[in-house]
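This briefing is for a reader who has not met this structure before. Please look over the sequence and the model, then read the points below by topic.

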Amino acid sequence: MSHRGSGRGPHTVSDASHLDAADLARAVALRRDRLVARQRVPYAADQKRQLEIAMCLASGPRVLLLDEPLAGMGAEETERMLALLNELKTGHAILLVEHDMDAVFRVAGKITVMVNGRVIASDAPANIRTNRDVQIAYLGDH
């Protein structure tokens with residue numbers, strides 16, 4: 001499978017931002033088929049999440065809504081998922097709900113922090129990290 005005569009090899013989910021919907025659907029199908037073929041072999045949580053994201057990308061969204069995409073992942077899996085999210089954010093707006101604050105600081109351009117359904121801060125990661133209300137609520141009272 002190659003991109004419309006470009007002569008390039010098979011696409012991966014992480015390089016799919018330039019694909020049209022049909023090419024992306026084929027990339028998703030290829031990825032799904034590879035995972036199905038491995039169904040008796042355990043695979044990492046990030047591989048399953050990448051497949052889920054690829055399936056979402058197949059519809060050509062401009063915005064990705066991700067609810068705790070890092071849940072249940074170890075350090076290596078988290079690193080791979082953060083690399084994917086950093087790639088995707090160049091071509092998509094991403095609304096990320098995540099409790100791993102270190103990961104959020106590494107991927108977000110703007111962070112909105114809520115406590116009990118109320119916004120307590122919304123700013124750039126560097127400003128959120130030093131915000132006293134956020135420190136008390138989530139990062140520990142320093």
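Val63 counts as partly exposed because its relative accessibility is 45%, and partly exposed covers the range between 20% and 50%. This residue belongs to strand S1, which spans residues 63-67. The model that these values come from is predicted.

**Overall make-up**

- The chain holds six helices and four strands.
- Read from the N terminus, the order of elements is α-α-β-α-β-α-β-β-α-α.
- The chain has 142 residues, and 32% of them count as buried.
- Among contacts in the chain with a separation of 6 or more, 42% are between residues 24 or more positions apart.

**Strands S1 and S2**

- S1 and S2 run parallel to each other and are paired over five bridges.
- In this pairing, Val63 is placed opposite Ala93 of S2.
- Val63 also has a C-alpha to C-alpha distance of 7.3 Å to Leu95, although 32 residues separate the two in sequence.
- The side chains of S1 alternate between two faces.
- On one face are Leu64 and Leu66, which are buried.
- On the other face are Val63, Leu65 and Asp67, which are not buried.

**Strands S3 and S4**

- S3 covers residues 111-115 and S4 covers residues 118-123; the two pair in the antiparallel sense, with five bridges.
- Within this pair, Met114 faces Val119 of S4.
- The hairpin formed by S3 and S4 has two residues between the strands.
- Asn116 lies in the loop between S3 and S4, and its phi is positive, near 50°.
- Asn116 counts as exposed because its relative accessibility is 80%, and the cut-off for exposed is over 50%.

**A second positive phi**

- Most residues other than glycine have a negative phi.
- Glu68 has a positive phi, also near 50°.
- The position of Glu68 is in the loop between S1 and H3.
- With a relative accessibility of 25%, Glu68 counts as partly exposed.

**Nonpolar cores**

- The largest nonpolar core is made up of 13 residues.
- Ile53, Leu70, Met81, Leu82, Leu85 and Leu88 have the most contacts inside this core.
- At least two residues of this core come from each of H2 (45-57), S1, H3 (75-88) and H4.
- H3 gives the largest share, five residues.
- A second core, separate from the largest one, has nine residues, including Met101, Ile111, Ile128 and Val134.
- Leu82 is in contact with Leu70, Ala103, Arg106 and Val107, leaving aside residues up to four places away in sequence.

**The salt bridge**

- The count of salt bridges comes to one.
- The partners are Glu79 and Arg106, whose closest N and O atoms are 2.7 Å apart.
- This pair links distant parts of the chain, since Glu79 is in helix H3 and Arg106 is in helix H4, 27 residues apart.
- Glu79 has a relative accessibility of 40% and therefore counts as partly exposed.
- Arg106 is partly exposed as well, because its relative accessible area is 47%.

**Glu98, a buried charged residue**

- Glu98 sits in the loop between strand S2 (93-97) and helix H4 (101-107).
- What is the nearest side chain of opposite charge to Glu98, and how far away is it?
- That side chain is Arg49, at 7.3 Å.
- Glu98 is buried and has no salt bridge; a salt bridge needs the side-chain nitrogen and the carboxyl oxygen to be within 4 Å.
- The side chain of Glu98 does reach backbone nitrogens: the one of Leu70 is at 3.2 Å, and the one of Asp100 lies 3.3 Å from a polar atom of the Glu98 side chain.
- Not counting residues up to four places away in sequence, Glu98 touches Glu68, Pro69, Leu70, Ala71 and Val104.
- Two of these neighbours appear above: Leu70 is one of the residues with the most contacts inside the largest core, and Glu68 has a positive phi.

Definitions and conventions: Residues numbered from 1 in each chain as written. Predicted model: local features only at pLDDT ≥ 70, side-chain atom pairs only at ≥ 80, totals over all residues. Heavy atoms only, no water. Pairing = 2+ DSSP bridges. Buried < 20%, exposed > 50% of the residue type's maximum accessible area, 1.4 Å probe, protein only. Lys, Arg positive; Asp, Glu negative; His and termini not counted. Polar contact = N/O pair within 3.5 Å; in protein donor to acceptor, adjacent residues only side chain to side chain. Contact = heavy atoms within 4.5 Å. Core = buried A, V, L, I, M, F, W, Y, C linked by side-chain atoms within 4.5 Å.
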